[in-house]
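I opened my notebook to look up how some helices pack and what surrounds the ligands. Here are my entries, in the order I made them.

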Amino acid sequence: MARLPDGTLMQRAAAGITAACADLLGRVYGSRVVLLVGSGDNGGDALYTGARLAKRGAGVTAVLLTPDRTHPAGLAALRRAGGTVVRGPEHAEAPIRRAHLVIDGIVGIGGKGGLRPDAAPLADLAQESRAAVVAVDLPSGVDAGTGEVRGAAVRADLTVTLGTHKPGLLVDPAREYAGSVRLVDIGLALPGDPELEALQHADVAALLPVPGAESDKYRRGVVGIAAGSARYPGAAVLAVAGALRGGAGAVRYAGPAGDAVIARFPETLVSSGSPDQAGRVQAWVVGPGAGDDADAVTAVLNADVPVLVDADGLRLADRDLVRARRAPTLLTPHAGEAAALLGVSREEVEGARLTSVRKLAERYGATVLLKGSTTLIASPGDGPVRVNPTGTGWLATAGSGDVLSGLTGSLLAAGLDALDAGSVGAYLHGLAGRLAADGAPVGAHDVAEAVRDAWRDVMD
Ligand SMILES: NC(=O)C1=CN([C@@H]2O[C@H](COP(=O)(O)OP(=O)(O)OC[C@H]3O[C@@H](n4cnc5c(N)ncnc54)[C@H](O)[C@@H]3O)[C@@H](O)[C@H]2O)[C@@H](O)CC1
Ligand SMILES: Nc1ncnc2c1ncn2[C@@H]1O[C@H](COP(=O)(O)OP(=O)(O)O)[C@@H](O)[C@H]1O
Ligand SMILES: [K+]
């Protein structure tokens, strides 16, 4: 900002927001637009945007939340362009009810906590009205840095974000408030590592293990699956189904559900004893449907290869044993399992996913993949956390986590590190869920089958 003339970034921002609003309105001329203007630069962005829309023939009304502390140059620009101004949120109701578009410039990255009491009713009015709601930078009231929502917040149809995505636009619950998100490049160079990364197709394609000319099944990696029980043989079948599609050259199964596994997947190498008797593998998956088999979990954690621990395995894994491991460990809890490990409620984990996943990674000295509406993957330390962009609610179906654990374990066996295996596994799994569902409900086995389509889609 210091290197640019005063107001340059704001003009770039306003130009981008105006273009997005015009797309949404279809016709700017004759439309009725209401600006919700807070006391900071977020309000300034809204005012400059309003001025541009007014010049193109929109009827623009600015509602000033704190009339004495309003971005002066932005306000002057709006007035010059013919916009009208109402002073105080108590006058907002009538204009919002008549509006085609409401632009939320109450607060941006300078916000703390949920909306203050004077601003909170505006969020409700905007939501109840028939107007489209566009948030400037992020929906006012959500936490930009964490995705937490502590109190009232605006619900937007579209968020036009400036310079870079903020964690709050990618992590639930805040993500849901943002609607669709459009990034406007205002020419900011961002310093240092980001706090959060979302892999894209090209990143995933570069990480997927592909056999070379000299590959054989052992060099591609063997993944071991210690899962399932007499009560839950299906978990073993689904984990193997995922593992067969994850790039390892062979899948070993160790446990009591070998007959069910072999009936469905004859290519699996099955044994019924303890995992440490099953032969060499390059990575283990332990836990899905495993019941109370603590010995299998301990045997796997004592192996000097990467280990993925899921489901029942998380409850049975000794924390000191996990911390003492030298090979990588990847824990894959859903919010309920994470809550049990942290000794908090499920709601607390779902309300603060970023904090929770970091805390778990620190406590266990392991990489953690926290599943759910937003899937996050964190390794211990301050490095960037990964957020999976491909998830879909259709994945919330029994057994789909078992598929994920097999798939991700297979990527570990093929040589990806825990953070990459977790993020690539979640990416393929989410995409497979979308492709398999295609707008209709799916079972977990459909997701496993669609992993190949997801893989091709990424490689395309
Ligand atoms: N930093 C940059 O490089 C740029 C920033 N821009 C804009 O500037 C914004 C940040 O501006 P500011 O730092 O002035 O801060 P904001 O405008 O985001 O918020 C600060 C104001 O909001 C009030 N406020 C704080 N918490 C609130 C709450 N819970 N409820 C109601 N009001 C609350 C504060 O009293 C303060 O006056 C960005 O979000 C973006 O819109 C853009 O203009 C482009 C460039
Ligand atoms: N609302 C949601 N949106 C996106 N993905 C979801 C949602 N709910 C669950 N998932 C995904 O579905 C899978 C469910 O896994 P899990 O909870 O372990 O179920 P199960 O134990 O039945 O296999 C995880 O990959 C999770 O991230
Ligand atoms: K805002």
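I began with a term I needed: a crossing is left-handed if the near helix is turned anticlockwise from the far one by less than a right angle, and right-handed if clockwise. I also noted that this is a predicted model.

**Entry 1: helix 9 and helix 17**

I applied the term to helix 9 and helix 17, and their crossing is right-handed. Helix 9 covers residues 233–244, and its axis comes within 6 Å of the axis of helix 17, crossing at roughly 40°. That angle makes helix 9 oblique to helix 17. I listed the residues that make the contact. Helix 9 brings Ala235, Leu238, Ala239, Val240, Ala241, Gly242 and Ala243. Helix 17 brings Asp402, Val403, Leu404, Ser405, Gly406, Leu407, Gly409 and Ser410. Sorted by class, this contact has nine nonpolar, five polar and one charged residues.

**Entry 2: helix 17 and helix 18**

Next I looked at helix 17 with helix 18, which spans residues 418–437. At what angle do the axes of helix 17 and helix 18 cross? I read roughly 135°, with the axes coming within 8 Å. Helix 17 and helix 18 are therefore oblique to each other. Helix 17 passes helix 18 in a right-handed crossing. From helix 17, the contact takes in Val403, Leu404, Leu407, Thr408, Leu411 and Leu412. From helix 18, I noted several partners, among them Ala418, Ala421, Val424 and His429. I counted classes here too: ten nonpolar, four polar and no charged residues in the contact of helix 17 with helix 18.

**Entry 3: ligand 2**

I moved to the shell around ligand 2. Which helix gives the most to this shell? Helix 17, residues 400–413, does so with four residues. The shell has 18 residues, and Lys371, Gly391, Leu395, Ala396 and Gly401 come nearest. By class I found five nonpolar, eleven polar and two charged residues around ligand 2.

Then I checked the UniProt record. Its unreviewed entry marks a "binding site" at Lys371, Gly372, Ser373, Thr374, Thr375 and Gly401. These are spread over 31 residues of sequence, yet they cluster in space, with a largest C-alpha distance of 13.9 Å. I located Lys371 in the loop between strand 15 (367–370) and strand 16 (376–378).

The same unreviewed entry places the feature "domain: YjeF C-terminal" at residues 200–458. I found the end C-alpha atoms of residues 200–458 to lie 9 Å apart. This span is 48% helix and 14% strand.

**Entry 4: ligand 1**

I turned to ligand 1. Which residues come nearest to ligand 1? I wrote down Gly40, Asp41, Asn42, Gly108 and Gly110, out of 26 residues around the ligand. Helix 1 and helix 2 each supply at least two residues of this shell, and helix 2 gives the most, with four. The shell around ligand 1 divides into twelve nonpolar, nine polar and five charged residues.

**Entry 5: helix 1 and helix 2**

Last, I looked at how helix 1 (residues 8–25) and helix 2 (residues 41–55) pack. Their axes are 8 Å apart, at an angle of about 55°. That makes helix 1 oblique to helix 2. Helix 1 passes helix 2 in a right-handed crossing. Among the contact residues, I noted Met10, Ala14 and Ile17 in helix 1, and Asp41, Tyr48 and Leu53 in helix 2. The residues of this contact divide into seven nonpolar, four polar and three charged.

Note on methods:
Residues numbered from 1 in each chain as written. Chains lettered and ligands numbered in written order. Predicted model: local features only at pLDDT ≥ 70, side-chain atom pairs only at ≥ 80, totals over all residues. Near = placed C-beta within 6 Å. Nonpolar A, V, L, I, M, F, W, Y, C, P; charged D, E, K, R; others polar. Axes fitted to C-alpha atoms, helices over the stretch in contact; angles between N-to-C directions. Parallel < 35°, antiparallel > 145°, perpendicular 65-115°, else oblique. Contact = placed C-beta atoms within 7 Å. UniProt positions renumbered as here; feature names shortened; annotations may be inferred.
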